[in-house]
Amino acid sequence: MPPVKKIGVLTGGGDAPGLNAVIRAVVKAACNAGIEVIGLEDSFDGLLDPSRTRKLTPKDVTGILRLGGTILGTTNHGNPFEYPVDTPEGKVDYSDKVVETFHKMGLHALVVIGGDGSLSIAHQFYLKGIPIVGVPKTIDNDIVGTTSCFGFDTAVDFAAESIDRLHTTAEAHKRIIVVEVMGRYAGWIALHSGVAGGADVILMPEIPFDLEKVAATLRKRESFGAKFSIVVVAEGAKPIGGTMTVKSAARAGYVERLGGVGIVVAEQLEEMTGKEARCVVLGHLQRGGGPTAFDRVLATRFGGAAVELLQRGVFGKMVANNPPDIVPIPLADVVGRIKTVPLDYDLLRTARALGVSLGD
Ligand code: F6P
């Protein structure tokens with residue numbers, strides 16, 4: 001394959017703090033190596049409409065390291081293979097058009113920064129002949145093959161600080177406060193922020209809960225003189241034998257949206273314990289704002305490693321954190337799977353050992 005001289009970069013799926021840090025690293029490393037970079041706006045939409053592209057130089061990425069969001073924009077319903085349209089079918093396949101535009105623009109390779117959805121689209125385009133390097137992004141930490149993704153540390157940090165704040169008001173009012181956090185089908189954010197914030201109960205998708213047991217834990221705390229409790233609930237947590245709380249079902253081009261379990265848990269615990277309960281949903285605050293130092297460094301390492309790969313002509317891979325190294329792993333091994341919290345994770349054992357209820 002001839003040397004890579006011009007690349008495209010895009011961000012796909014939900015945003016995560018650190019996206020701009022990756023874009024910055026890719027642009028600086030590539031331009032310094034004599035490679036031209038084209039920024040594609042709003043995920044793969046930028047390859048459907050060439051007017052939504054722009055050349056990026058080091059000057060364009062100055063000052064974005066610390067910024068949340070993404071200067072390129074993103075979407076989580078722009079899959080070119082199943083583009084949502086207003087027809088009876090509800091979707092249309094624009095993938096050939098994307099491949100055509102990629103070649104018309106004279107691009108030699110594409111850096112796709114995204115979560116499992118965007119990486120799976122990236123893999124499909126790799127199979128259609130586009131040389132692709134993937135960069136994993138998600139606050140949920142649920143991408144397989146990488147120990148961490150940028151965005152997760154920032155989300156956990158914010159959630160832990162929120163739990164700290166909720167502790168003081170819960171204590172003042174002798175209330176139960178239920179904090180609903182994101183994470184989709186994985187409990188990483190709930191477990192890490194719950195432990196970091198000293199939660200009394202942590203409920204997560206991997207361990208279906210029994211609210212009678214949770215209520216018993218809260219009553220026991222009361223009998224020891226603790227008049228308040230903090231319950232962290234992952235949006236994907238579900239009762240034993242029950243289902244996740246879904247805000248909107250999946251449809252053509254749109255994934256299932258979770259949310260609402262926190263309020264259900266708060267209402268039921270109030271009834272069971274006779275104590276006043278409140279629910280706080282942290283929602284998109286977990287995704288907003290600038291990245292932590294850890295996420296800036298990880299994002300920068302991913303961006304640098306992605307450029308190294310495309311210079312070496314290595315495609316169809318995702319850069320992954322495998323401490324102490326950043327390594328390439330096949331996109332094929334990543335897509336269609338999610339990394340949930342393993343039940344033998346030491347932090348789960350430690351949480352239990354410390355008396356945290358996991359609802360089972
Ligand atoms: O994947 C990140 C995430 O924030 C999940 O934790 C959450 O379920 C989802 O995205 C929400 O996405 P949106 O509101 O952007 O559709």
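# Salt bridges and the ligand shell

Visitor: At 25% relative accessibility, what does arginine 52 count as?
Guide: This is a predicted model, and arginine 52 has a relative accessibility of 25%. Buried means under 20% and exposed means over 50%. Arginine 52 therefore counts as partly exposed.

Visitor: Which side chain meets arginine 52 in a salt bridge of 2.9 Å, and how many residues apart in sequence are the parts that the pair ties together?
Guide: The partner is aspartate 42, with 2.9 Å from N to O. Arginine 52 and aspartate 42 both lie in the loop between strand S2 (36-40) and strand S3 (53-56), so the pair ties together parts whose separation in sequence is 10 residues.

Visitor: Is aspartate 45, which also meets arginine 52 in a salt bridge, buried or exposed?
Guide: The side chains of aspartate 45 and arginine 52 meet at 3.4 Å, N to O. The relative accessibility of aspartate 45 is 8%, and the limit for a buried residue is under 20%. Aspartate 45 therefore counts as buried.

Visitor: What is the N to O distance in the salt bridge between glutamate 276 and arginine 278?
Guide: Glutamate 276 is partly exposed, with a relative accessible area of 37%. Arginine 278 is also partly exposed, at 35%. Their side chains meet in a salt bridge, and the N to O distance is 3.3 Å.

Visitor: Which residues do salt bridges that share partners join into one network?
Guide: The structure holds 15 salt bridges. Some of these share partners, and the residues they join into one network are Asp116, Asp140, Asp142 and Arg184.

Visitor: How many charged residues does the shell around the ligand have?
Guide: The ligand is surrounded by Asn76, Ile139, Asp140, Met182, Gly183, Arg184, Glu235, His284 and Arg287. At least three residues of the shell come from each of domain 1 (6-150 + 291-323) and domain 2 (155-288 + 342-353). By class, the shell has 2 nonpolar and 3 polar residues, and its number of charged residues is 4.

Visitor: How much of the ligand's accessible area does the protein cover?
Guide: A polar side-chain atom of asparagine 76 lies 3.3 Å from an oxygen atom of the ligand, and one of glutamate 235 lies 2.6 Å from a ligand oxygen. For arginine 287, a side-chain N or O atom is 3.0 Å from an oxygen atom of the ligand. On its own the ligand has 400 Å² of accessible area, and the share covered by the protein is 81%.

Technical notes
Residues are numbered from 1 along each chain as its sequence is written. This is a predicted model: local features need pLDDT of at least 70, side-chain atom pairs count only at pLDDT 80 or more; totals for chains, interfaces and linings use all residues. Side-chain values use heavy atoms; hydrogens and water are left out. A residue is near a molecule or strand if one of its heavy atoms lies within 4 Å of it. A polar contact is a pair of N or O atoms within 3.5 Å; within protein, one must be able to donate a hydrogen and the other to accept it, and residues adjacent in sequence count only if both atoms are side-chain atoms. Accessible areas come from the Shrake-Rupley method with a 1.4 Å probe; for residues, only the protein chains shown count as cover. Ala, Val, Leu, Ile, Met, Phe, Trp, Tyr, Cys and Pro count as nonpolar, Asp, Glu, Lys and Arg as charged, and the others, Gly among them, as polar. Domain bounds come from an automatic or database domain assignment. A salt bridge is a side-chain nitrogen of Lys or Arg within 4 Å of a carboxyl oxygen of Asp or Glu. Helices (H or I, at least four residues) and strands (E, at least two) are DSSP runs, numbered from the N terminus. Buried means under 20% relative accessible area, exposed over 50%, partly exposed in between (1.4 Å probe, protein chains only).
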